[in-house]
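Work through the exercises below with the sequence and the 3D view at hand. Each task is followed by a solution in steps.

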Amino acid sequence: RSLKKSRNAKDIPLPEVPKVIDNGSGKRYFRGRLLGKGGFARVYEVTDMSTNKVYALKAVPKVKLSKSADRYNKIETEIELHKSLRQRHVVGFHGHFEDEQHVYILLEHCSRKSLVQTLKNRGKLTEPEVRYLMFQAVQACSYLHAQRVIHRDIKVGNFFLNADMELRLGDFGLAVRLKEEEKKIKTMCGTPNYIAPEVLSKEGHSYEVDTWALGCVMYTLLVGHPPFETKSLRETYNRIRNNEYTIPSRISDNAAKLIKRMLKPNPADRPSLKEILADEFFTKGFFPNRLPGTCVTSSPKWSEYEKS
Ligand SMILES: CC[C@@H]1C(=O)N(C)c2cncnc2N1C1CCCC1
């Protein structure tokens, strides 16, 4: 007797994204290669057929949305939130539209992918590269906080590099905008990658969770793996709760000092993003004003600039 498979949302095959996507108000996009998949979404490189500009188009199948209403809200809130943001180091939002099968989000194309690929190729980055990248990351986050937005999923995989090796912070799927009088957020649906201790203990959390995550990103770029990574999630959560991590001695004093400040267990003890931008790690030491594209695959010969 063959077991009848349940016909739920998961089993319905994903609808096709058309070769030519019409935005419903006269613009058409030619579908290029698949850039990747994230959750329910598929992301394509698309070309605006009237301007020849290239974008990243995120296509979320509605069939996946109708079943789980909150999923649909998530896309809606992601759109509402991202479309209100404009800053040079935040991924550009270029529009949203839908057809019968999909909700589409048109985003800035970042041809050099995310820092995950860079880290995979390089293992770890030099301090000048981390100075250059973290300065842009903290600026993007400082802008978000000024808009009362908490990103809540800052991680290496949400930092993208464009053709000019400039950093862009993306993916607002877990972001939230604090209301006027609201000081803290109580709830969290979805699990961020670099989860802060106050989120684990469900005491309510605020902007400082992004500072914590930025500290985890800085550590990961310099050391080559996250500060609290273990083979089991439970063990990782225990280390986060106990603030258990070590910084290799080859890491400079200024870098180590800044990482420790950002990974303070008590959110109130973490520095503001303004203070971070003024930290000695950024004001002392070789600060390249651009990175060559080769940094995505091989290490620059700057190490001689850095007193190790
Ligand atoms: C839309 C998803 C994400 C992204 O947010 N941007 C801005 C992006 C921009 N340019 C290329 N890829 C991007 N990605 C990749 C695609 C597959 C996984 C993440």
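**Exercise 1.** Find which residue places a backbone N or O atom 2.9 Å from a nitrogen atom of the ligand.

Solution. The model is a predicted one. The residue is Cys110, whose backbone N or O atom lies 2.9 Å from a ligand nitrogen. Next, consider how the protein covers the ligand: alone, the ligand exposes 420 Å², and 81% of that is buried by the protein. The ligand takes up the space of the largest pocket.

**Exercise 2.** Describe the shell of residues around the ligand.

Solution. Start with the members: Leu35, Gly36, Val43, Ala56, Val91, Leu107, Glu108, His109, Cys110 and Phe160 surround the ligand. Then sort them by type: seven are nonpolar, two polar and one charged. Last, look at the strands: β2 (28-38) and β6 (102-108) each contribute at least two residues to this shell.

**Exercise 3.** Decide whether His205 is buried or exposed, and name the side chain that shares a polar contact with His205.

Solution. First locate His205: it sits in the loop between α5 (197-200) and α6 (208-223). Its relative accessibility is 2%, so His205 counts as buried, since buried means under 20%. The side chain of His205 makes a polar contact of 3.2 Å with that of Arg152.

**Exercise 4.** Place Arg122 in its element and classify its accessibility.

Solution. Arg122 belongs to helix α3, residues 115-122. At 13% relative accessibility, Arg122 counts as buried, because the value is under 20%. For its position relative to Ser206, take the C-alpha atoms: they are 33 Å apart, with the two positions 84 residues apart along the chain.

How values were computed:
Residues are numbered from 1 along each chain as its sequence is written. This is a predicted model: local features need pLDDT of at least 70, side-chain atom pairs count only at pLDDT 80 or more; totals for chains, interfaces and linings use all residues. Side-chain values use heavy atoms; hydrogens and water are left out. A residue is near a molecule or strand if one of its heavy atoms lies within 4 Å of it. A polar contact is a pair of N or O atoms within 3.5 Å; within protein, one must be able to donate a hydrogen and the other to accept it, and residues adjacent in sequence count only if both atoms are side-chain atoms. Accessible areas come from the Shrake-Rupley method with a 1.4 Å probe; for residues, only the protein chains shown count as cover. On a 1 Å grid over the protein atoms alone, a cavity is a set of points where a 1.4 Å probe fits but cannot get out, and a pocket is an open set with protein on both sides within 12 Å along at least five of seven lines; lining residues have an atom within 4 Å of a point. A molecule sits in a cavity or pocket if more than half of its atoms lie within 2 Å of its grid points. Helices (H or I, at least four residues) and strands (E, at least two) are DSSP runs, numbered from the N terminus. Ala, Val, Leu, Ile, Met, Phe, Trp, Tyr, Cys and Pro count as nonpolar, Asp, Glu, Lys and Arg as charged, and the others, Gly among them, as polar. Buried means under 20% relative accessible area, exposed over 50%, partly exposed in between (1.4 Å probe, protein chains only).
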